[in-house]
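Let's take a relaxed walk through a protein chain. Keep the picture open while you read.

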Amino acid sequence: AAEHGNQDPDDPGWITRLANLCQALIDHPFGEEPVERRYAGNRQRSHQTCRECYGHKTRQATQFIQFGCFSLFFGVESADSQVLKNIKKGTTVEQARRAVKLANDLGFKTEAGFMFGNPGDNRETMEKTIDLALELNPVIGSFNIMVPFPGTEEYERHRQKNPDGMTNWDNYVPKGVHPVIQLDGLSQGDLQRYISRAYLKFYLRPGQVFRILKNISSATELWT
């Protein structure tokens, strides 16, 4: 942020640059129909929300809506501040709260990703992360086990602990059947159970399925 002369802790720089790009395309639309006409309804709703709730601080978000952006994904990862520092995330839990709330209030289809098995994770931190997912209440919640890809610090750390368990490349996917990693005091089965617990608690809530269906813009989204 400092590199680009931006002192806003909630804007790492690319947000402003992307908003400026959206505004330029809104001002000079291409194609048969102007962008602002196609999304006039969303624009009116978002501007009203801005005035009532956030004022000028939502300028960038409303520009995304005007350009036709309808979905935002947030890589929240963890509810524990030390875990976020361990993975060099560069954002805080409070920033995630403000960002997802703003996007929800503006009518975006919000998606948030959470990751278990990070350095410093334990039963308590993963329970906190599940609770945070419920609190943030995005439309879509994605829960995955950390995958230590070759070339990363975590790959070297886990390879030293369990060299034989790091050789099956079929398991190097976030939703793999067999987790690559194993934490101290937590088995691979424990990690899988926390993933299942997170999905069940998140999606088996009254109204959550309705929220998902309401935000589907095409039939193909049901299968993706």
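How many helices and strands does the chain have? The chain has 10 helices and 3 strands, where helices (H or I, at least four residues) and strands (E, at least two) are DSSP runs, numbered from the N terminus. Before we go on, note that this is a predicted model, in which local features need pLDDT of at least 70, side-chain atom pairs count only at pLDDT 80 or more, and totals for chains, interfaces and linings use all residues. Residues are numbered from 1 along each chain as its sequence is written, and side-chain values use heavy atoms, with hydrogens and water left out.

**The whole chain**

If you read along the sequence, you'll find the pattern α-α-α-α-β-α-α-β-α-β-α-α-α. Of the chain's 224 residues, 39% count as buried (buried means under 20% relative accessible area, exposed over 50%, partly exposed in between, with a 1.4 Å probe and protein chains only). Now take contacts (heavy atoms within 4.5 Å) between residues at least 6 apart in sequence: 70% of them join residues at least 24 apart.

**Helix 6 and two odd angles**

Helix 6 covers residues 93–105. Its 13 residues reach 18 Å from first C-alpha to last, close to the 18 Å expected at 1.5 Å a residue (the expected span is 1.5 Å times one less than the number of residues). Buried here are V93, Q95, A96, V100, L102 and A103. Just after helix 6 comes G107, with a positive phi of about 95°.

Two other residues have a positive phi although they are not glycines: E77 and K88. Here they are side by side.

| Residue | Location | Phi | Relative accessible area |
|---|---|---|---|
| E77 | strand 1 (residues 71–77) | about 75° | 15%, buried |
| K88 | loop between helix 5 (81–86) and helix 6 | about 55° | 60%, exposed |

**Helix 7 meets helix 9**

Two packed helices are described by the angle between their axes and the distance between the axes. Helix 7 (residues 123–136) and helix 9 (residues 188–203) pack at about 20°, with their axes 10 Å apart. The two are therefore roughly parallel to each other (that label is for angles under 35 degrees). Who makes the contact? On helix 7, R123, M126, E127, I130, D131, A133 and L134 take part, and on helix 9, D190, L191, Y194, R197, A198, K201 and F202. By class, this contact has 8 nonpolar, no polar and 6 charged residues (Ala, Val, Leu, Ile, Met, Phe, Trp, Tyr, Cys and Pro count as nonpolar, Asp, Glu, Lys and Arg as charged, and the others, Gly among them, as polar).

Definitions and conventions:
Axes fitted to C-alpha atoms, helices over the stretch in contact; angles between N-to-C directions. Parallel < 35°, antiparallel > 145°, perpendicular 65-115°, else oblique.
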